[in-house]
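Visitor: I'm new to this one and would like to learn how to read it. Could you walk me through it, feature by feature?

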Amino acid sequence: MSVYLIADIEVTDDGWVPEYAANVHDLVEKHGGRYLARSGNIETLEGETPPSTLVALLEFPSRDAVMAFASDPAYAPYGEARQAGSVSRFRLIDDTDIAGTIPYLPTG
């Protein structure tokens, strides 16, 4: 079952961004993940606009793969730099349909 990591980030000090952007995608791939989007082109269609300056959507093969990525010692300096220079919200969702009415998604 695929899982998706939604990284909603408000950059407060952009010094970490170049190194993170240049290197973290390789660590994501190492753990079976891939970026579906990594963009600052954010438009709120409904509701209150959060202070996000960057949103990334990543797909991983499992929750375990996400956790292995997040706890990889090679990721630690990038994660620490991101946390020091941003307000980050990382959320994980699976590929299920809570209502069970979409035929191509597993019921969740």
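Visitor: What do the buried residues of α1 pack against?

Guide: This is a predicted model, so keep that in mind as we go. To read packing, look for the elements in contact with the buried side of a helix. Here the buried residues of α1 pack against β2, β3, β4, α2 and α3, the last being residues 76-84.

Visitor: Which residues of α1 are buried?

Guide: A residue counts as buried when its relative accessible area is under 20%. In α1, that goes for Tyr20, Val24, Leu27 and Val28.

Visitor: Where does α1 bend?

Guide: For a bend, compare the axis before a residue with the axis after it. In α1 you'll find a bend of about 35° at Asn23. As for span, the 14 residues of α1 reach 20 Å from first C-alpha to last, close to the 20 Å expected at 1.5 Å a residue. Just after α1 comes Gly32, with a positive phi of about 85°.

Visitor: Now the sheet. What is the order of its strands?

Guide: To read a sheet, go from strand to paired strand. This open sheet has 4 strands in the order β2-β3-β1-β4, and the pairing is antiparallel. β2 (34-39) and β4 are at the edges with a single partner strand each, so each has one side without a neighbour in the sheet. On average, neighbouring strands here are turned by 15° against each other, direction ignored.

Visitor: How many bridges join β1 and β4?

Guide: Follow the partners across from one strand to the other. β1 and β4 (residues 86-94) pair over 9 bridges, in the antiparallel sense. Among the facing residues, Leu5 stands opposite Leu92, and Glu10 stands opposite Val87. On the β3 side, β1 (residues 3-11) pairs with residues 54-60 over 7 bridges, also antiparallel. There, Val3 has Phe60 as its bridge partner.

Visitor: Which strands does α1 lie across?

Guide: Check which strands a helix touches, then compare directions. Helix α1 (residues 17-30) lies across β1, β2, β3 and β4, and runs at about 160° to β2. Helix α2 (residues 63-70) packs on the sheet too, touching β1, β3 and β4, with its direction at about 125° to that of β3.

Visitor: Why are the buried residues of α2 on the same side?

Guide: Look at how far the buried residues spread around the helix axis. In α2 the buried ones are Ala65, Val66 and Phe69. They cover an arc of only 100° around the axis, so they sit on the same side of α2. What covers them includes α1, β1, β3 and β4.

Methods:
Residues numbered from 1 in each chain as written. Predicted model: local features only at pLDDT ≥ 70, side-chain atom pairs only at ≥ 80, totals over all residues. Heavy atoms only, no water. Pairing = 2+ DSSP bridges. Helix = DSSP H or I, 4+ residues; strand = E, 2+ residues; numbered from the N terminus. Axes fitted to C-alpha atoms, helices over the stretch in contact; angles between N-to-C directions. Contact = heavy atoms within 4.5 Å. Buried < 20%, exposed > 50% of the residue type's maximum accessible area, 1.4 Å probe, protein only. Arc of directions from axis to C-beta. Expected span 1.5 Å × (residues − 1). Bend = angle between axes of the 7 residues up to and from the residue.
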